[in-house]
Amino acid sequence: MSKGRIRLVAAAVVALTLAVPAVRAGRASAAPPAFTDAAGIHVVATTAIDNRQYNVRVTSATALGDAHPVDIRILLPNAYDTDTTTRYPVLYLFHGTSGRASDWVNLGDAEATTAPLNLITVMPDAGFNGNGGGWFTDWYDQATALGPSKWETFHVNQVIPWIDANLRTIANRNGRAIAGLSQGGFGSTTYPARHPDTFISAGSFSGAPDIDFNPLVAAGATAIIEATAVGLDGVEPFAMFGPRETNEINWQGHDPADLVTNLRGVDVSLWTASGQPGPLDPPTPNPAAMGIEAATHGSTLSFNQRAQLEGVPVHLHDYGAGTHTWPYWARDLREYVGPMMQTFANPPAAPAATSYQSIDKSWSQWGWSVSVQRSAAQQFSSLTNGWPGGFTLSGTGTAGVVTPAFYAPGAVERVTVSTPTGATTTAATADGNGQLHVTVPLGPDVPGPAGSIAIIGVPGIPPWPSTAVTVQPA
């Protein structure tokens, strides 16, 4: 992408802003839902807009601060208030830059699109008062004028369990999908890439699923995110992910393209257009909408290329002419929900063996929990081929690993830990849940900046040493 194109896109950003079988057990009249506090969310006010639609204003003291209430717009299935037992899958649906929780209803025809479906649709704010938005991450700088800005924490760790606590949901990954447009398309791919055991389906509409893997795309993404921060949010340019020069590892650790192998268990669909005027554009198309769609087209194709290189299946809908405007996103949503409902009705099995990579010191996915003791706050580690017979872990320092509940409680297992310098075998007893707790030595700790080194266009894990762990009955 040329510097002129990057400046054009950055300026444009500132200028723009089959039903699932129900889990049923009888029918009776039910009162409308009463939304209450849960999972760190405090309900400020609830407005019933019609028999399906609610707007709930909330605060989160820990994630967003009490001074910034945000909205969550919710669409319920038509039968929700007449059925006391049915549980429904949930679609988490996100707006784009300078959007609001109401956008998909007011501009994207979401109410009509979801009306025939046994589906709860949840549309949270992803920014404060329609500003540029938070780019779906816990910000590098938590001390800006906006105060706490932990958007990933809010959406994933709070909104989802809050919805499960207040509504009759299918409260596991087989009942959750995520989709979004533009910046929300980044959100709908970074969240499942970082939390693949939370979502079974993901849709990106004119999104930005690559902000780092391709160096040219990364340059454009940097310009767009800086423009969002400075021109729309009123904060310093690197508030969200940190300066590339010193925090490239943080960009990689949130980039869906860099993390694409984490998405093997998620059904991913991408919609994108070239940016040239298409059949749903007015006679005089918006030049900014053309430029932004061209940029997101490059990001989407780069992500798809990375997925192909890694053998991760995705569904690409490159529909040619079209711009960064609502008529296309409304159509994308209509095309997405049918396959999404089929996935809900016939969910694929979770991966037989777990593979997952992360820059975080501690993470939990697919029943595995890993906590790494090392000097670097952020550094890639990777668990591969995790199953009852063992796993391989790459990284530096020392890791504490808790397995899923593979074993009989109290069972004694023979655990062999093999490093490049030798192997040791010890007996380990499964805890009361049937989980093993294993200490895993990794490569030598790398203190200072060298421990967090990362290079744009060089995704994945550096050649840290790997430790193989095998588990056999004693």
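**Strands, cores and a helix in a predicted model**

Author: Six strands (DSSP E runs of at least two residues, numbered from the N terminus) form an open antiparallel sheet in the order β10-β13-β14-β19-β16-β17. The model is predicted: local features need pLDDT of at least 70, side-chain atom pairs count only at pLDDT 80 or more, and totals for chains, interfaces and linings use all residues. Residues are numbered from 1 along each chain as its sequence is written, and side-chain values use heavy atoms, leaving out hydrogens and water.

Reader: What makes β10 and β17 stand at the edges?

Author: β10 (354–358) and β17 (422–429) each have a single partner strand, so one side of each lacks a neighbour in the sheet.

Reader: How do you know that β10 and β13 pair?

Author: Pairing requires at least two DSSP bridges between two strands. Four bridges join β10 to β13 (residues 381–387), so the requirement is met. Y356 stands opposite L383 in β13.

Reader: What is called a nonpolar core?

Author: The term denotes buried (under 20% relative accessible area, 1.4 Å probe, protein chains only) Ala, Val, Leu, Ile, Met, Phe, Trp, Tyr and Cys residues joined through side-chain atoms within 4.5 Å. The largest such core has 67 residues, of which V58, I74, Y92, I120, F154 and W162 touch the most other members. Helix α4 (residues 151–166) contributes the largest share, seven residues. A second, separate core of 23 residues includes W329 and Y336.

Reader: How do you know that the span of helix α9 agrees with the expected one?

Author: The expected span is 1.5 Å times one less than the number of residues. For the 20 residues of α9 (residues 326–345) this gives 28 Å, and the end C-alpha atoms are 29 Å apart, which agrees.

Conventions: Buried means under 20% relative accessible area, exposed over 50%, partly exposed in between (1.4 Å probe, protein chains only).
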